Amino acid sequence: MKVERLPLSKLTTLGVGGPAEVWTVETPEDLARATEAPYRVLGNGSNLLVADAGVPERVIALGGVFKEWDFAGWVGAGALVSTLLLKSARLGLSGLEGLHGVPAQVGGAVKMNAGTRFGEMAGALELVEIFHDGALHVYRPEELGFSYRHSALPPGSVVTRVRLRLLEAGEEAVRAKIALVDAARKGQPKKKSAGCAFKNPAGDSAGRLIDRAGLKGLAVGRAMISHEHGNFIVNLGGATAREVYALLRRVQRVLPLEVEWEIWG
Ligand code: FAD
Ligand code: EPU
């Protein structure tokens, strides 16, 4: 197990956030030790806005056995969804295509029930192993309260591994579905972001509403609402969490939208 003090701006896709003590756990025994004091769990850092002052809690990152995976058995929660999708496409296994383009570890995708209108993480799960209250527990997905970008995991949960439900569909069919998802993502910006900042209200798109309200291009310091897609706040380089947060509030003063990101600190 490695324990280091690191700036979370380096471990998050938005590229903002101050320091924390990062505990990279390699075994369930490490995890038991790391969770003896207050902690947070870091995945790929793709849905996080971390305060400039950082966070006082331990930040648990998954390494070692938590990154190992096997489609016929268990898949570690630290594995990258993009790696799994690449491999499943080659094998003609269907189930993860809806997550094409979603930067996430398996654990983060489970927690957020990440996905697109073409499919969500919950739909690809058979079993989920979770560490909480000092022990490992196995759940079926219907026990975990999944809905749009939401799960109801027990408090203090660390997802450790999952069994995926992938179906033989053939490489061509899997690649055709990935192409559909890819086309739907074409308008999204390439600059540093944490994906969509706000949840979509039922039956509408937050991005469309922000666009229609004329807020694209609105900036606070180095944080800006993308010209390409209204629901992406991009870091133009050197943005602070305070600036990003101020931009979220500016949007919420005009539109009643719920923030999708998790805010740390
Ligand atoms: P993190 O951001 O590190 O963490 C998110 C939450 O999950 C936190 O609460 C964290 O504590 C928790 N968590 C992480 N790992 C674990 C674990 N092992 N056990 C328990 N809890 C854990 N999302 C979509 O749904 N659809 C999209 O189309 C999409 N597009 C995106 C495009 C871009 C360019 C970017 C940057 C982001 C996008 N996102 C999208 C957002 C993001 O990829 C998802 O929310 C993803 O699920 C976050 O996973 P992560 O591993 O990065 O988790
Ligand atoms: N639109 C605009 N202006 C904009 C953005 C969008 O008019 O600035 C319009 C589009 O033209 C389209 C409609 O709004 O008619 C919907 O847009 P889009 O297809 O981009 O989908 P979205 O609802 O904005 C959702 C997810 C994305 C996911 C895409 C692709 C949410 C909050 N967003 O975006 O997820 O990648 O669909 O399926 O659910 C994320 O959650 O982080 C994320 C990026």
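**Notebook: two loop residues and two ligand sites**

I began with D133, which I located in the loop that runs between β10 (125–132) and β11 (135–139). The model I am reading is a predicted one. I looked up the backbone of D133 and found a phi near 50°, a positive value in a residue that is not glycine. I noted this because most residues other than glycine have a negative phi. I then asked whether D133 is buried or exposed. With a relative accessible area of 70%, D133 lies over the 50% cut-off and is therefore exposed.

I turned next to N113, another residue other than glycine with a positive phi, here near 45°. I placed N113 in the loop between α3 (106–112) and β8 (115–116). The relative accessibility of N113 is 0%, which is under the 20% cut-off, so I recorded N113 as buried.

**Ligand 1**

I looked up the surroundings of ligand 1 and found 32 residues around it. The closest are V41, P103, G115, V159 and E262. I sorted the shell by class and obtained 14 nonpolar, 14 polar and four charged residues.

Which element gives the largest share of this shell? I found that α3 does, with five residues.

I then went through the polar contacts of ligand 1. G43 places a backbone N or O atom 2.7 Å from an oxygen atom of the ligand. For G45, a backbone N or O atom is again involved, at 2.8 Å from an oxygen atom of ligand 1. From R149, I noted an N or O atom of the side chain at 3.0 Å from an oxygen atom of ligand 1. I also looked up the cover: ligand 1 exposes 970 Å² when taken alone, and the protein buries 94% of that area. The elements that contribute two or more residues to the shell around ligand 1 are β3 (39–42), α3, β8, β12 (158–164) and β17 (262–264). Two of these names, α3 and β8, I had already met as the elements on either side of the loop that holds N113.

**Ligand 2**

I counted 20 residues around ligand 2, of which Y148, C196, N200, D211 and E260 are the closest. By class, I recorded four nonpolar, nine polar and seven charged residues in this shell. Helix α5 (residues 206–212) gives the most to the shell, namely three residues.

What lies 2.7 Å from a nitrogen atom of ligand 2? I found an N or O atom in the side chain of D211 at that distance. N200 has a polar side-chain atom 2.7 Å from an oxygen atom of the ligand. From G230, a backbone N or O atom lies 2.8 Å from an oxygen atom of ligand 2. I noted the cover here as well: on its own ligand 2 has 830 Å² of accessible area, and the protein covers 75% of it.

**Domains**

I consulted the domain assignment, which divides the protein chain into domain 1 (2–65), domain 2 (70–184) and domain 3 (189–254). Which domains each supply at least three residues to the shell around ligand 2? I found that domain 2 and domain 3 do. Taken over C-alpha atoms, the centres of domain 2 and domain 3 are separated by 27 Å.

Notes
Residues are numbered from 1 along each chain as its sequence is written. Chains are lettered from A and ligands numbered from 1 in the order in which they are written. This is a predicted model: local features need pLDDT of at least 70, side-chain atom pairs count only at pLDDT 80 or more; totals for chains, interfaces and linings use all residues. Side-chain values use heavy atoms; hydrogens and water are left out. Helices (H or I, at least four residues) and strands (E, at least two) are DSSP runs, numbered from the N terminus. Buried means under 20% relative accessible area, exposed over 50%, partly exposed in between (1.4 Å probe, protein chains only). A residue is near a molecule or strand if one of its heavy atoms lies within 4 Å of it. A polar contact is a pair of N or O atoms within 3.5 Å; within protein, one must be able to donate a hydrogen and the other to accept it, and residues adjacent in sequence count only if both atoms are side-chain atoms. Accessible areas come from the Shrake-Rupley method with a 1.4 Å probe; for residues, only the protein chains shown count as cover. Ala, Val, Leu, Ile, Met, Phe, Trp, Tyr, Cys and Pro count as nonpolar, Asp, Glu, Lys and Arg as charged, and the others, Gly among them, as polar. Domain bounds come from an automatic or database domain assignment.
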